Every structure is written in C-alpha cells, then in structure tokens.
Amino acid sequence: MRVVVDNSPEDLARREASDRFEQALVSLTANLIRVARGAGQGYEVPRQTAELVRALSAYWDAFGHYPPTDTYNTVLNWEKPYNPDLPDGEGLRESGLEAITRGSLQIVASRLLGQHLQIAAGESQVAAGMRFVEEGREISRKAWAAKRAAAAPKAKVIKKKRGGPPKPSW
C-alpha cells in the first residue's frame, strides 16, 4: 500500500499561518485574562501582541485576507457542551460552573470598560450558575443517600409485646 499526500507549498504555508495565528491569539488572550485577575505576565503583553500582529501578517500573505470573525470565535471558544448523560446532577453542576465562568468574564470585561449594566448582567449569570451548582449538588446528595440506603443491610424488626415493662423478679 502506498499513501500519497499532495500538500502544495501554498497549502503548507496556509496551515502554518493558520496555526501560528491561533497560537498567538490564544497565548495573548490567556495572558490578558490572567493579568486581569492579577496573576499573569504583564511584561509579556507587548511581545505577545507583536507576535499576533506578525501572525496576522503571515495569515494575510497566505490567504489574501485576515481571519474571519468566526475563526476568532472558534479559536477562543473554551466552553464545554452540555452533556445530558452525566449522572445524578453532574450535568447541572457543570452547566452552573460554565455559567459562573461566563458571568465572571462578563463582569471583568465590563468593569474594565465601566459598563455598569453589563456588570449587573454578569452578576445575574453568576447567581444563576450558583443556583445550578447547588441544585446539582442536592440531586447528587440525594442519589448518593438513596444508593447508600439501598446497599445497607436490612435491619430486623423486633416487635414489642404489649402489656408494659417487665416486672421485677424478686
């Protein structure tokens, strides 16, 4: 068996430019988020920004245009899709954590821009996420308690005789 791959120099240049752009965009974005929370490498922002500009230039050279908007959305999409097959409240808990994260990012971005209505919207999303997490935990707790009760050995029921306490034998 013989495998033949026909990657033209143009195809290779496009793949390399696309990969370089994605890596530069992700690196800069992740660092900016970390800097905003007080833990990133602020000194790296100028270098990472320059690298993103160089990657965009290479992308332009390879494709004849800059990356379309949906490319940015796809590259920076970190959300996990909802998984309805998760057991006993885990799906609700995961959805809640996703909502908390999205709301938190909304709050940070809105604080940076001074957008008070958007801050409130982010706070609402965080609160809704917290409710989902708590509901998921309660479902998980009840399911765990039911499993534990089902696995416990059955207690033997002893019936008391009527007639009061036993009388002393003296």
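## Exercises on a five-helix model

The structure holds eight salt bridges; a salt bridge here is a side-chain nitrogen of Lys or Arg within 4 Å of a carboxyl oxygen of Asp or Glu. You're looking at a predicted model, where local features need pLDDT of at least 70 and side-chain atom pairs count only at pLDDT 80 or more, while totals for chains, interfaces and linings use all residues. Residues are numbered from 1 along each chain as its sequence is written, and side-chain values use heavy atoms, with hydrogens and water left out.

**Exercise 1. Work out which elements the protein has, and how much of the protein is buried.**

Step 1: Go through the elements. There are five helices and zero strands, running α-α-α-α-α from the N terminus. Helices (H or I, at least four residues) and strands (E, at least two) are DSSP runs, numbered from the N terminus.

Step 2: Look at burial. Of the 170 residues, 19% are buried. Buried means under 20% relative accessible area, exposed means over 50%, and partly exposed is in between (1.4 Å probe, protein chains only).

Step 3: Add the surface. The accessible surface comes to about 13400 Å², and 57% of it belongs to carbon and sulfur atoms. These areas come from the Shrake-Rupley method with a 1.4 Å probe; for residues, only the protein chains shown count as cover.

Step 4: Check the contacts, meaning heavy atoms within 4.5 Å. Among contacts between residues at least 6 apart in sequence, 57% join residues at least 24 apart.

**Exercise 2. Find the residues of the largest nonpolar core and the elements behind it.**

Step 1: Know what to look for. A nonpolar core is a set of buried Ala, Val, Leu, Ile, Met, Phe, Trp, Tyr and Cys residues joined through side-chain atoms within 4.5 Å.

Step 2: List the members. The largest such core has nine residues: F21, A24, L25, L28, L52, A55, L56, Y59 and V75. Helices α1 (9-36) and α2 (45-63) are the elements that give two or more residues to this core. As background, nonpolar side chains in soluble globular proteins tend to be buried together.

Step 3: Zoom in on L28. Leaving out residues up to four places away in sequence, L28 touches V45, Q48, T49 and L52.

Step 4: Follow one of those partners, Q48, which sits in helix α2. Q48 counts as buried because its relative accessible area is 10%. Beyond its neighbours within four places in sequence, Q48 is in contact with S27, L28 and N31.

**Exercise 3. Trace R15 and E22 on helix α1 to their partners.**

Step 1: Take R15, which lies in α1. R15 is partly exposed because its relative accessibility is 47%. The side chains of R15 and D19 meet in a salt bridge (2.5 Å, N to O). These two are four residues apart in helix α1, so about one helical turn separates them. D19 is partly exposed too, at 37% relative accessibility.

Step 2: Look across from R15. A62 is 47 residues away in sequence, but the C-alpha atoms of R15 and A62 are 8.8 Å apart.

Step 3: Now E22, also placed in α1 and partly exposed at 28%. Not counting residues up to four places away in sequence, E22 touches R15 and V75. E22 and T74 are 52 residues apart in sequence and 9.7 Å apart, C-alpha to C-alpha.

**Exercise 4. Describe helix α5: its span, its buried residues and its salt bridges.**

Step 1: Get the span. Helix α5 (residues 116-151) has 36 residues and reaches 52 Å from its first C-alpha to its last. That's close to the expected 52 Å, where the expected span is 1.5 Å times one less than the number of residues.

Step 2: Pick out buried positions. I119, G122, V126, G129, V133, G136, S140 and A143 are buried in α5, and the buried residues of α5 pack against α4 (90-113).

Step 3: Check E138. Its side chain meets that of R141 in a salt bridge (2.7 Å, N to O), and the two residues lie three apart in α5, about one turn. E138 is partly exposed at 32%, as is R141 at 44%. K142 and E138 also form a salt bridge (4.0 Å, N to O).

Step 4: Finish with a network. Salt bridges that share partners join R20, E51 and R54 into one network.
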